[in-house]
4 protein chains.
Amino acid sequence: MAYSDSDSRSSGPSGRNTDSGTQRLETFSDGVFAIAITLLIIEIGVPHIGRGEDLADELAGLWASYGAYVLSFVMIGIYWANHHSLFKLYLRTDHIFLMLNVFFLMAVAFLPFPTAVLGEYLEDSAERQTAVTFYVLGLLLPAVGWLTIWLYGIWRDLLDNRLVPDYVRFLTIQYGLSISTYAFALALSFLSPVASLVIVVSLTLLYLLPPRKPRYLT
Amino acid sequence: MAYSDSDSRSSGPSGRNTDSGTQRLETFSDGVFAIAITLLIIEIGVPHIGRGEDLADELAGLWASYGAYVLSFVMIGIYWANHHSLFKLYLRTDHIFLMLNVFFLMAVAFLPFPTAVLGEYLEDSAERQTAVTFYVLGLLLPAVGWLTIWLYGIWRDLLDNRLVPDYVRFLTIQYGLSISTYAFALALSFLSPVASLVIVVSLTLLYLLPPRKPRYLT
Amino acid sequence: MAYSDSDSRSSGPSGRNTDSGTQRLETFSDGVFAIAITLLIIEIGVPHIGRGEDLADELAGLWASYGAYVLSFVMIGIYWANHHSLFKLYLRTDHIFLMLNVFFLMAVAFLPFPTAVLGEYLEDSAERQTAVTFYVLGLLLPAVGWLTIWLYGIWRDLLDNRLVPDYVRFLTIQYGLSISTYAFALALSFLSPVASLVIVVSLTLLYLLPPRKPRYLT
Amino acid sequence: MAYSDSDSRSSGPSGRNTDSGTQRLETFSDGVFAIAITLLIIEIGVPHIGRGEDLADELAGLWASYGAYVLSFVMIGIYWANHHSLFKLYLRTDHIFLMLNVFFLMAVAFLPFPTAVLGEYLEDSAERQTAVTFYVLGLLLPAVGWLTIWLYGIWRDLLDNRLVPDYVRFLTIQYGLSISTYAFALALSFLSPVASLVIVVSLTLLYLLPPRKPRYLT
């Protein structure tokens, strides 16, 4: 049927979601990922050197900004790759699913701001804790949005029903553990900002590993 | 015919508009939506703390900017979702239709500016009224552009003629009511900026509800 | 042949250029158009009001920036629409064609800068002439890039050979006249910046009219 | 099979990689290229003229920024064109390949920053050396990322196995020579920033020439 609405339910195991609503959601999401990831560099301002200052020193002094840039770039890159894998699992979408995605993207697009705050205040011993707490909060938000999309999809039965239940359970646990880790890092940031960052970086490195492949009932 | 111009009229009920002109218009519009929505965060500058100031206080003090960010993000997200639904209803386009879209996108791409003004001056009691008035004006403009596109499409008979007339009338009324509400909120902003914002936020929440699905003659 | 290189020549009247090189060039160009058009707003900074200043006055005082925003937005929008029409006329591309496009896009992506200069200095009677000259130069550059692409395409025989020669000649004359007009406006800007802007705005309005449709030999 | 994972291996000579994972990687990469290339202009700030200063002088005084803009624009444009050609050579991808691409894009998206530094400090005789060294380093990083992707693809046998080995060897040598040239220019920048820039510009001009076309076993 040419004029399928976005709630249309593809029946049967051969149904692949080719509804342009989903395609356009993916394209839009990719656009936001690509723009947010590329905007990160804009937040690093060219240093203005005063008397007795040296450009090389100033550029080297931006190490915290470079580090925050790399970390946030990899984070958004991982979200992009996972978003892509995830959306292969859905057979259909609905309006609320779409809106939850908008909220998730809102959290992703917000990331350049805490990244800039972290880059600017990580070296400032008086403000380091605040900067790290704010940054970890900035990482927690899209993780919460992600889990919300996932749980909503399960609840509303949007997933391909040929997926092996074990695989779905595995992902639910993985996403839940990620959020718990971010929440723990958030709490820890008040005590030890450095330890909090170590946890967050380690979790990111784990996500660089190849994801488990979806398994389907045969 | 391979070289159809953008005025080409698909006749018959099976005609779905697959003209690359429309596709490219949608892609371009999606690009502008994605960029405008992601640029919103750029307008929130990293606070520079002076003596006796505290980063945590400064970050918390940006609540108006966060609120304006969320509101404008959701607004543009809704326009994106609705633009997508709307374009499914058209069977063909013409040059003026294209140009009206450019003007609509101009109003959407303008939104980051009043958003930044709102975020910066909402707390300033002397300038709150101006900031809210300017922001509501910034919301009224794309709504006017949207209705113009819609009415032009009806006038030039660009819509799929299998659409139930009641559905077309319903949308016309809905868009007209939205503009009236923005216009009312604009006038109200001079008397009570807070009440004006409440109306605007409420209207946005209404648009988060699933849209009525298009109905076709059978 | 699956692995056609970007020089591949489609022979015969049924050959439509579906080479992904061209598609990707169009997508890339659309991306640059969409980003450049949306970045225009970033150049308008939120006014910082000092003592005795009023936000409403300051926002109203940005009229030159709003005007420059609208003019450049429409300009880029027209380039986008025409780029789309133009690329329907080509049967094939080559490497130099690709590189000429990169240079054309460079000129388009540069436009936000002279737009910002115009918006900031149009009201400054001492600098108005410089700002207008710089802006008209900013409009002349993409027009030169455009004509270069066009003439290169004719020279290298990249156009669909079924196009009526009269139509090709018409476009050549049109593009040549546009450049002449910009060049004249550039010279005039030294004498009368306002008259120069009037000419440039009028030319833009002309381009809002529907373009002549391509005609093919039958 | 509808639910191919991104590791899927297309067997046989007719296998063209149409896996949406690769397509989406290309689209995402193109997005980052388009955004990074268009953001370059944002780094050139509108000059604020003080007493006794002249806008025309100030705009002309930005020649180093214009030059850096042109050079980086062409660089990213070449990467875009080559990325496109390169990805035609792959039959399949895997997760690490994807992540290496994210790191390559990170280096490309970083380029606007050293470009801005070069534009601002090229004229400053005390800081010229630092600015050029930093910029050449900014060019070396994506070149290293590029070669890493290439070598990984060879190692993991991701390339189309019908490619003539001589062609693969030719590209490996070309990429290796490019990196050597950047590394040499980096070392040279400490002695003579101008000579270093001349080398970098010359290498860029070489890349404007048409690339050698892929050759396949028949």
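Helices (H or I, at least four residues) and strands (E, at least two) are DSSP runs, numbered from the N terminus. The model described here is predicted: local features need pLDDT of at least 70, side-chain atom pairs count only at pLDDT 80 or more, and totals for chains, interfaces and linings use all residues. Residues are numbered from 1 along each chain as its sequence is written, while chains are lettered from A and ligands numbered from 1 in the order in which they are written.

**One chain**

Chain A has eight helices and zero strands, so that its elements read α-α-α-α-α-α-α-α from the N terminus on. Along the principal axes, the C-alpha atoms of chain A fill a box of roughly 70 × 35 × 25 Å. Of the 218 residues in chain A, 43% are buried. A residue is buried if 20 or more other C-beta atoms lie within 10 Å of its own, exposed if 12 or fewer, and partly exposed in between, with C-beta atoms placed from the backbone. Two residues are in contact if their C-beta atoms, placed from the backbone, lie within 7 Å. Among the contacts in chain A with a separation of 6 or more, 79% are between residues 24 or more positions apart.

**A loop residue in chain C**

In chain C, the loop between helix 5 (112-121) and helix 6 (128-155) holds C:Asp124. C:Asp124 counts as partly exposed because it has 13 C-beta neighbours inside 10 Å. From C:Asp124 to C:Glu43 the separation is 81 residues in sequence and 18 Å in space, C-alpha to C-alpha.

**Where chain D meets chain A**

Contacts join 30 residues of chain D to 28 residues of chain A. On the chain D side, helix 1 (20-39), helix 4 (95-110), helix 5 (112-121) and helix 6 (128-155) each give two or more residues. Helix 1 of chain D gives the most, with nine residues. The side of chain D that touches chain A consists of 21 nonpolar, five polar and four charged residues. Here Ala, Val, Leu, Ile, Met, Phe, Trp, Tyr, Cys and Pro count as nonpolar, Asp, Glu, Lys and Arg as charged, and the others, Gly among them, as polar.

**How the copies are related**

Copies are superposed by least squares on the C-alpha atoms of residues with pLDDT of at least 70 in both.

| Superposition | Rotation | Shift along axis | RMSD |
|---|---|---|---|
| Chain D on chain A | 90° | 0.0 Å | 0.0 Å |
| Chain A on chain B | 90° | 0.0 Å | 0.0 Å |Chains D and A are thus related as by a four-fold rotation axis. Because only 10% of the interface residues of chain D are also interface residues in chain A, these copies meet through different surfaces. For chains A and B, 10% of the contact residues of chain A recur in chain B, and the copies use different surfaces.
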